[in-house]
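Here is a quick tour of one protein and its ligand, with a few backbone oddities along the way. Have a look at the model first, then read on.

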Amino acid sequence: MKREEMISRIRNESGMWDVIIIGGGATGLGTAVESASRGYKTILLEQHDFAKATSSRSTKLVHGGVRYLQQGNISLVLEALHERGLLIQNAPHLVRNQSFIVPNYDWWSGPFYGIGLKVYDLLAGRLGLGPSKLLSREETLERIPTLEPDGLRGGVIYYDGQFDDARLSINLAQTINDLGGTPINYLKVTGLLKSNSVINGVKAKDMETNEEYSIYGRVIINATGIFTDNILKMDDPEARDLLTLSQGVHLVLDKDFLPGDSAIMVPHTEDGRVLFAVPWHKKVVVGTTDTPVKSATLEPRPLLEEIDFILEHAAKYLTKDPSPEDVLSVFAGIRPLVNPGSDEDTAAISRDHYLVISQSGLVTITGGKWTTYRKMGEDTINQAAMVAGLEQRESITQNLRIHGWLKNVDMDDQLYVYGTDMLAIKKLIEQTRELGEKLHPRLPYLKAEVVWAARQEMARTVEDVLARRTRALLLDARASVECAEKVADLLAKELNYDDNWKIKQVNNYRELAANYFISS
Ligand SMILES: Cc1cc2nc3c(=O)[nH]c(=O)nc-3n(C[C@H](O)[C@H](O)[C@H](O)COP(=O)(O)OP(=O)(O)OC[C@H]3O[C@@H](n4cnc5c(N)ncnc54)[C@H](O)[C@@H]3O)c2cc1C
């Protein structure tokens, strides 16, 4: 999958595209897979890199949402649990079964969460990942030896899915390409084209060359996440704001803080939030927060009070209290929540998705969550095909294998996230021994992965490689900075760039990564 090839498809395309999708996060990518798999001529335009915004900054859970059950939103939980089961089937190399333990420090919470989680099991039906169960105090501590023992009465164990969000995004872009569709990064939509007030295309700018294109299509889909209102206002400057934005922060800690395979889930901290501590790529991700924010940005900044909140609450549940020096990385993402039209608390706003067709014919899909990205795509293309007058075709994505599909991957093989592509990367190493070297002693990544990312995964910058093709930025931000030069060297060779480019890339990356560690 090469960007030059994608750009040449725009240049050489004389006719119309069937479907143009704006936005290369979970929603846009899922919609493009849905469209391309139905045989529609599909193009997806992403202003930065795939999953640059919210879709690489999640808690990494494929879940029904135990919390939404508490809110009584059964249909949302049911749909998400179904999608969870499908995603484990369709991307088994990236999604795994994760056990969660809800620790009980009150007499009532064991039976209370025990019953709630039984309902969760029932809703999952045959796509369930394992039955939930009450645990004694001893069983709980056996599974999580670092759990605070003071006042602990027992726990409840249940199961959900866990995944790598940015890797899945890249695999979805590859799936679109495999299906004959055209996913392009670094191509920003700057305007909408209309004929008789009906939308029939977009103006787009190549962010690498500044070249501008007019791209015409039968239907245009706005899947721009937290930027949804910008596109709606391009369509109608008077459009009301659809979204409320809420920021969530996560900290990454060393595995010592949570050894073993189980995650911790605290459904209700004393100020009413949910707290997760989840093993991920041999580290632990702890979060999150729910802080209203005013504007959408590609690089949201974690607030000090959000970091303090997480550290303070993690300390309540762990024997070893994490301090700011223990934080390997801190990252923030912004949720696109559909505005209920009142001043509701953002934590209480529905996480359901929202599909709307404007008078001009612009189709907008927003809200939802990673877990339901496929269903969001299916619903969107059902509507979009009608708007475009395309021949109606059945969805096939419930059983569509995602690029890299491989069952029973060996998670000790550090290339397992690539699924079937693992073999080709190993071949690169066989051909050039040096590519088998690590990028950094504290990171699991190899030089070959940079070459692969440039050749096959449309990585264009040092950040693309360290933040989303590999997850170095999230696993150890400082180590990722220390290997930025090495990555720039390898990338420049692959993409034919000079020394000036390398220097600029390394400086840009240093500046970005500085927001991911807590300075002492
Ligand atoms: C803190 C946090 C934790 C979460 N945890 C989970 C979880 O564990 N499990 C789960 O299921 N969900 C989770 N979610 C929700 C999930 O991450 C989001 O619902 C999902 O990623 C949204 O995807 P999206 O494609 O709609 O938006 P985005 O990922 O933001 O994608 C929109 C894209 O549109 C692009 N774009 C914008 N304007 C333009 C333009 N003019 N031209 C071209 N491109 C443009 C942007 O660059 C961006 O890449 C979490 C969310 C947050 C914030």
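Let's start with Asn-196, which is exposed, because its relative accessible area is 73% and anything over 50% counts as exposed. Keep in mind that this is a predicted model. Asn-196 sits in the loop between β8 and β9 (198–206). Its backbone is a bit unusual: Asn-196 has a positive phi of about 50° although it is not a glycine.

Ala-51 also has a positive phi, of about 65°, without being a glycine. You'll find Ala-51 in the loop between β2 (42–45) and β3 (61–62). Is Ala-51 buried or exposed? Ala-51 is buried, since its relative accessible area is 1% and the cut-off for buried is under 20%.

One more backbone feature to flag is a cis peptide bond, running from Gly-287 to Thr-288, with omega near 10°. Thr-288 belongs to the loop between β14 (283–287) and β15 (291–293).

Now for the ligand. How many residues surround the ligand? There are 37 of them, and the closest are Thr-27, Glu-46, Ser-55, Leu-61 and Thr-371. By type, the shell divides into 13 nonpolar, 18 polar and six charged residues. Several elements supply at least two shell residues each: α2 (26–37), β8 (187–195), β11 (243–254) and β16 (329–338).

Here are some polar contacts to oxygen atoms of the ligand:

| Residue | Atom on the protein side | Distance to a ligand oxygen atom |
|---|---|---|
| Gln-47 | side-chain N or O atom | 2.9 Å |
| Trp-370 | backbone N or O atom | 3.1 Å |
| Thr-371 | polar side-chain atom | 2.7 Å |

So how much of the ligand does the protein cover? On its own, the ligand has 1000 Å² of accessible area, and the protein covers 97% of that. Thr-371 turns up twice in this part of the story: it is listed among the closest residues, and its side chain makes the 2.7 Å contact with a ligand oxygen atom.

Last stop, the surface. Trp-107, Trp-108 and Phe-112 make a nonpolar surface patch of about 410 Å². Trp-108 lies in the loop between β4 (95–104) and α5 (109–124). Trp-108 counts as partly exposed because its relative accessible area is 38%, which falls between the 20% and 50% cut-offs. That value also lets Trp-108 into the patch, because patch residues need over 30% relative accessible area.

Notes: Residues numbered from 1 in each chain as written. Predicted model: local features only at pLDDT ≥ 70, side-chain atom pairs only at ≥ 80, totals over all residues. Heavy atoms only, no water. Patch = residues over 30% accessible without salt bridge, like charges linked within 9 Å, V, L, I, M, F, W, Y side chains within 5 Å. Areas by Shrake-Rupley, 256 points an atom, 1.4 Å probe, with all protein chains shown as cover. Salt bridge = Lys/Arg side-chain N within 4 Å of Asp/Glu carboxyl O. Helix = DSSP H or I, 4+ residues; strand = E, 2+ residues; numbered from the N terminus. Buried < 20%, exposed > 50% of the residue type's maximum accessible area, 1.4 Å probe, protein only. Near = heavy atom within 4 Å. Polar contact = N/O pair within 3.5 Å; in protein donor to acceptor, adjacent residues only side chain to side chain. Nonpolar A, V, L, I, M, F, W, Y, C, P; charged D, E, K, R; others polar.
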